[in-house]
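Work through the exercises below with the model open. Try each task before you read its solution.

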Amino acid sequence: MTRSKYIIGNWKLHKDNKEIDKFFAAFNKLVTTDDSIVYGFAPTHVCLAHALKAKKKTSTLIIGQDVSSQLEGSLTGQVSAKQLQVLGLKYCIVGHSETRQFLAVTDQDINKKVLALIQCGIKPIICIGENAKQKAHPEKVLEKQLTTIFKHVKPEEACQCLIAYEPVWAIGSGLTPSLNKIKETTNFIRKTIKQLFNGIVANKVGILYGGSVGVDNALDIMKQKDVDGLLIGSVSLDPKKFTTIMKKVSVWKRK
Ligand code: PGA
């Protein structure tokens, strides 16, 4: 089966409403929408409603950066999956390493966030990845992360999830694993999904790579057999660079 291709921008704590307007004014002039690519941007929660209006193009997805593990409760500062659903979001990132690092989010929390999103019909984009110390042998940590995060998730629900493989040491560092290593590790992730669920799920789940993706390396990374997409941080802030990556991927896909 052919899986969709994904190019997702994670804007982190960048861009306010005015800057989002400016981004989409430029982006919409540059982009030539290729329906076969699923693409979108994740602004901060406070800018989601504005971004949904400002994007103008229906093909542009607006994506959550994180979500509470609870649907409701005394949880100051949190945003629920239900609230994201009411806004009309279709996807939400969970488990980004910055939330693990700065908000002490654990794999158990991520598991609950995934279940909450699924309950509200939102597709989770689940970030996993090894840190610098685990770099030589990422398999063990990735397997542990996936096993915990997918607890109580049914096979048909797992099919709705995307997995973003983001080595922590590659995020924002300008460093990436070799293409061969990306190929091996994303293949290992797919095999682990097969073990946790079955071959059908493993074939359906989209696997993204993230961590220092730029205009020059995006296409080579996309060409790896088990890579279905990219999760892009700093380079996604620039409409020109982001659309250049989109174009490279769609030209290659059409070949
Ligand atoms: P980067 O960030 O592309 O700036 O390395 C990726 C991410 O954190 O998702």
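Three exercises follow, each with a worked solution.

This is a predicted model: local features need pLDDT of at least 70, side-chain atom pairs count only at pLDDT 80 or more, and totals for chains, interfaces and linings use all residues. Residues are numbered from 1 along each chain as its sequence is written, and side-chain values use heavy atoms, leaving out hydrogens and water.

**Exercise 1.** Find which residues have the most contacts inside the largest nonpolar core.

Solution. A nonpolar core is a set of buried Ala, Val, Leu, Ile, Met, Phe, Trp, Tyr and Cys residues joined through side-chain atoms within 4.5 Å. Buried means under 20% relative accessible area (1.4 Å probe, protein chains only). The largest core has 66 residues, and Phe-150 and Ile-193 have the most contacts inside it. Helix H5 (residues 107-119; helices are DSSP runs of H or I, at least four residues) gives the largest share, five residues.

**Exercise 2.** Decide whether Gln-65 is buried or exposed (over 50%), then find its polar partners.

Solution. Gln-65 has a relative accessible area of 18%, so Gln-65 is buried. Next, look for N or O pairs within 3.5 Å, one able to donate a hydrogen and the other to accept it. The Gln-65 side chain reaches the backbone oxygen of Ala-42 at 2.9 Å. The backbone oxygen of Lys-12 lies 2.8 Å from a polar atom of that side chain.

**Exercise 3.** Describe how H5 and H6 cross.

Solution. The axes (lines fitted to C-alpha atoms over the stretch in contact, with angles from 0 to 180 degrees between N-to-C directions) come within 8 Å and cross at roughly 45°. H5 is therefore oblique to H6; oblique covers angles outside under 35, 65 to 115 and over 145 degrees.

Methods. Helix = DSSP H or I, 4+ residues; strand = E, 2+ residues; numbered from the N terminus.
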